[in-house]
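Here are some short exercises to work through with the model open beside you. Try each task before you read its solution.

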Amino acid sequence: MKIHEHQARDLLTLYNVKHPNFELVFSPEEAARAVHELTGELFVIKAQIHAGGRGKAGGVKFARNPKEAYDAAKELIGKTLVTPQTGPQGKLVRRLLVSEGCNIAKEYYFSMVMDSDNAQVSIIACAEGGVEIEEVAASEPDKILRIGIDPGIGLRDFQIRDLAILMGLQGEAAAELINIAKGLYKLFVEKDCSLVEINPLVLTCEGQLMAIDVKMDFDPNALFRHPELIALRDTDEEDPKEVEASAYDLNYISLTGNIGCMVNGAGLAMATMDTIHHFGGVPANFLDVGGGANKEMIVAAFRILNSDHNVKGIFINIFGGILRCDILAQGIVDAVMEVGLRRPLVVRLEGTNAELGKEILSRPGFQIIPAESMADGAEKIVALVAQMEV
Ligand code: GDP
Ligand code: MN
């Protein structure tokens with residue numbers, strides 16, 4: 001689960017990681033007032049969306065006085081920002097962060113991620129941070145520094161001292177890097193993060209090291225023990241289909257293709273997507289309804305697929321174990337009665353009560369196309385959708 005930069009900055013404050021003073025605003029008037037209340041000569045007006053790359057897309061503006069802040073905010077609020085991380089549809093800007101600006105001497109990259117290969121948290125850092133970090137990583141990967149943190153021992157000062165030398169930081173700035181790294185590691189562990197990324201971490205002209213942008217992502221499986229983080233969720237920033245799916249405990253991820261898939265079991269769902277690809281189709285989503293799905297969940301899942309304008313055909317692939325095929329079939333029938341059926345629907349049922357399920361689906365008036373196997377079903381839906389495209 002992602003959160004906004006202003007929320008992540010509040011967490012930085014809790015863990016003693018320095019960053020410029022700021023205010024959260026929702027209108028040009030509030031932006032002007034914020035500049036009035038903050039101190040300094042330069043202010044930064046930043047679009048708050050759950051995506052990076054804002055700077056290059058015009059989502060980070062500078063102001064020297066309340067009037068300029070008003071104008072910058074007026075331009076940003078209500079704008080749809082398209083960055084390499086938002087997808088082509090972009091994200092609507094509804095809130096802004098107004099920050100005290102700083103005089104940057106140098107920009108660094110500093111992050112912590114869950115390194116699953118080594119079963120530990122890793123620090124990833126680079127002496128060349130800022131908006132070009134992706135290019136540096138691609139063209140000069142040797143410049144990206146990595147340090148593993150042994151979970152049994154924790155982060156040791158010498159690790160960060162070594163890192164400071166490699167990053168070219170000395171004296172007070174090097175000491176501050178130790179402070180920042182320790183604070184971030186504590187935050188990472190205590191809050192069950194999957195990513196904390198500071199880009200840029202800056203050295204100011206006055207010699208101070210501080211975070212001026214931060215991104216955080218949290219492990220959704222650990223959210224049950226963090227009500228304080230759940231309270232930070234902003235569903236406006238999420239795909240509405242994914243929001244609805246999560247309300248029904250469905251594992252749903254929106255993708256770019258045109259074949260809607262409903263499957264039970266994550267492994268079978270992955271195999272189904274591969275098989276669709278094999279026959280030349282592209283899935284519109286990943287959807288695992290889970291082993292213990294009930295009728296309400298099936299109806300909700302069908303409704304989500306049916307409401308997706310990209311979906312040109314639906315393939316339901318079920319291997320009934322705990323989820324009985326007759327329950328699933330009844331769920332499909334109820335869903336079709338409720339929302340209608342305007343696209344080809346191919347269903348493959350196998351396992352517990354499969355025959356009963358097929359009987360329920362074969363009732364007259366229902367244009368449901370049965371499939372003998374996963375391959376048969378994938379081939380059929382790809383062919384049907386291809387026919388519709390011509
Ligand atoms: P992102 O593009 O979404 O990652 O947004 P950032 O918050 O990282 O801002 C992009 C760039 O704007 C940074 O890399 C800086 O170069 C610049 N920037 C942001 N805040 C300040 C500031 O306070 N002072 C100065 N001089 N530049 C800033
Ligand atoms: Mn940034």
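The exercises below go from the whole protein to its ligand and then to single residues.

This is a predicted model, in which local features need pLDDT of at least 70, side-chain atom pairs count only at pLDDT 80 or more, and totals for chains, interfaces and linings use all residues. Residues are numbered from 1 along each chain as its sequence is written, chains are lettered from A and ligands numbered from 1 in the order in which they are written, and side-chain values use heavy atoms, with hydrogens and water left out.

**Exercise 1. Describe the protein as a whole.**

Step 1: Start with secondary structure, taking helices (H or I, at least four residues) and strands (E, at least two) as DSSP runs numbered from the N terminus. The protein has 13 helices and 18 strands.

Step 2: Along the principal axes, the C-alpha atoms fill a box of roughly 80 × 50 × 40 Å.

Step 3: Buried means under 20% relative accessible area, exposed over 50%, and partly exposed in between (1.4 Å probe, protein chains only). By this rule, 50% of the 390 residues count as buried.

**Exercise 2. Work out how ligand 1 is held in its surroundings.**

Step 1: Collect the shell, where a residue is near if one of its heavy atoms lies within 4 Å. Of the 17 residues around ligand 1, Lys46, Arg54, Gly55, Cys102 and Glu107 come nearest.

Step 2: Place the shell on the fold. Strands S2 (43-47), S3 (60-63), S7 (104-115) and S10 each supply at least two of its residues.

Step 3: Look for N or O atoms close to the ligand's oxygen atoms. A side-chain N or O atom of arginine 54 is 2.8 Å from an oxygen atom of ligand 1, while a backbone N or O atom of glycine 55 lies 2.7 Å from one.

Step 4: Finish with area, by the Shrake-Rupley method with a 1.4 Å probe. Ligand 1 taken alone exposes 560 Å², and the protein buries 84% of that.

**Exercise 3. Is asparagine 317 buried or exposed, and what does its side chain contact?**

Step 1: Find asparagine 317 in strand S16 (residues 313-320).

Step 2: Its relative accessibility is 0%, so asparagine 317 counts as buried.

Step 3: Its side chain makes a polar contact with the side chain of threonine 272, at 2.9 Å. Such a contact is a pair of N or O atoms within 3.5 Å; within protein, one must be able to donate a hydrogen and the other to accept it, and residues adjacent in sequence count only if both atoms are side-chain atoms.
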